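Colleague: I would like to go through this model and hear what stands behind the words you use for it. Could you start with the backbone and move on to the pockets?

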Amino acid sequence: MIKIICPKCHFTRDVPGENIPSNVRNIKCPLCNEIFPVPLDVRDKAGFFIRMLAIIIDILIINALFLLISFSLDYLLTKTLPLYGITDEELITNIVGGVIYFSYLVFFPTYFIFFTYKYGKTPGKKIMGIEIISTCGDKITLAQTIKREFLGKILSGMLLGAGFFMVIFSKNKQGLHDKIAKTLVVYKN
């Protein structure tokens, strides 16, 4: 049983969890007509494997996009550097390689931060039908996004991936990055 309490009039009703569809986000109070969010313990949380498929899709998208970017940077720099007196081919190769590598290091987290903050999901998560919300049910904030996508994922990776595998064993299917940022990954409507 799940206790539903209207935040406006405090009307209370115990409802069996199976009677609340998993895709319902809001409840309308039968007494005062207030609309309020469904308690988060009712929402279906996305598990490890669907999240892993979403990240694989995102990595394929990132690599495809970055392949175009790196070809453009390579062409642009190899044509431009000689105009500035840099003609040594080995030096040009090192500069181009360094710029492309640095660009990838910036592009990779920027992709995740942008899509997560702007839309609550990356393209991979959208394809898989899942989204990221805060543990209080709201849209994820910029601070939460940066904690989750940058700090949390770096820490999860530094622990040999253990932070990501926490999703399998966690009650709310949260990885270390989710716990740090106070987020959940749920199935969207």
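Modeller: H10 sits in the loop between β1 (2-5) and β2 (12-15). Helices and strands here are DSSP runs, numbered from the N terminus (H or I over at least four residues for a helix, E over at least two for a strand). The model is predicted, with local features needing pLDDT of at least 70 and side-chain atom pairs pLDDT 80 or more, while totals for chains, interfaces and linings use all residues. Residues are numbered from 1 along each chain as its sequence is written, and side-chain values use heavy atoms, with hydrogens and water left out.

Colleague: Why is H10 called exposed?

Modeller: H10 has a relative accessible area of 55%. Exposed means over 50%, buried under 20% and partly exposed in between (1.4 Å probe, protein chains only), so H10 counts as exposed.

Colleague: What makes the phi of H10 worth listing?

Modeller: The phi of H10 is near 65 degrees, a positive value in a residue other than glycine. L160 is listed on the same grounds, with phi near 60 degrees, again positive and not in a glycine. L160 lies in the loop between α4 and α5, and its relative accessibility of 79% makes it exposed.

Colleague: On either side of that loop, how do you know how α4 and α5 are set to each other?

Modeller: Their axes come within 6 Å and cross at roughly 95 degrees. The axes are lines fitted to C-alpha atoms, for helices over the stretch in contact, and angles run from 0 to 180 degrees between N-to-C directions. Angles under 35 degrees count as roughly parallel, over 145 as roughly antiparallel, 65 to 115 as roughly perpendicular and the rest as oblique. α4 and α5 are therefore roughly perpendicular to each other. K153, S156 and G157 of α4 make the contact with A162, G163 and F164 of α5, contact meaning heavy atoms within 4.5 Å. By class that contact has two nonpolar, three polar and one charged residues. Nonpolar covers Ala, Val, Leu, Ile, Met, Phe, Trp, Tyr, Cys and Pro; charged covers Asp, Glu, Lys and Arg; the others, Gly among them, are polar.

Colleague: What makes H177 buried?

Modeller: The relative accessible area of H177 is 4%, under the limit for buried. H177 is in helix α6 (residues 176-181). Neighbours within four places in sequence aside, its contacts include K153, S156, G163 and F164.

Colleague: And how do you know whether E149 is buried or exposed?

Modeller: E149 has a relative accessible area of 6%, so it is buried. E149 is in helix α4 and touches F112, I113, T116 and I132, leaving out residues up to four places away in sequence.

Colleague: Why is P123 called partly exposed?

Modeller: The relative accessibility of P123 is 21%, which falls between the two limits. P123 belongs to helix α3 (residues 123-128). P123 and D58 are 65 residues apart in sequence, but 6.5 Å apart in space, C-alpha to C-alpha. Beyond four places in sequence, P123 touches D58, I61, Y111 and F115. F108, in helix α2, is also partly exposed, at 27%. With neighbours within four places left aside, F108 is in contact with I59 and I62.

Colleague: What makes the largest pocket a pocket, and how much space lies in it?

Modeller: On a 1 Å grid over the protein atoms alone, a pocket is an open set of points with protein on both sides within 12 Å along at least five of seven lines, whereas in a cavity a 1.4 Å probe fits but cannot get out. About 460 Å³ of space lies in the largest pocket, a volume being the space filled by probe spheres set on the points, which are joined across faces, edges and corners.

Colleague: Which residues line the largest pocket?

Modeller: It has 18 lining residues (an atom within 4 Å of a point). I55, F112, K153, F164 and H177 lie nearest its centre. The largest share, six residues, comes from α4. By class the lining has 11 nonpolar, two polar and five charged residues.

Colleague: What is known of the second largest pocket?

Modeller: About 220 Å³ of space lies in it. Its lining has 16 residues, with R25, R43, I133, G137 and D138 nearest the centre. β5 gives the most, three residues.
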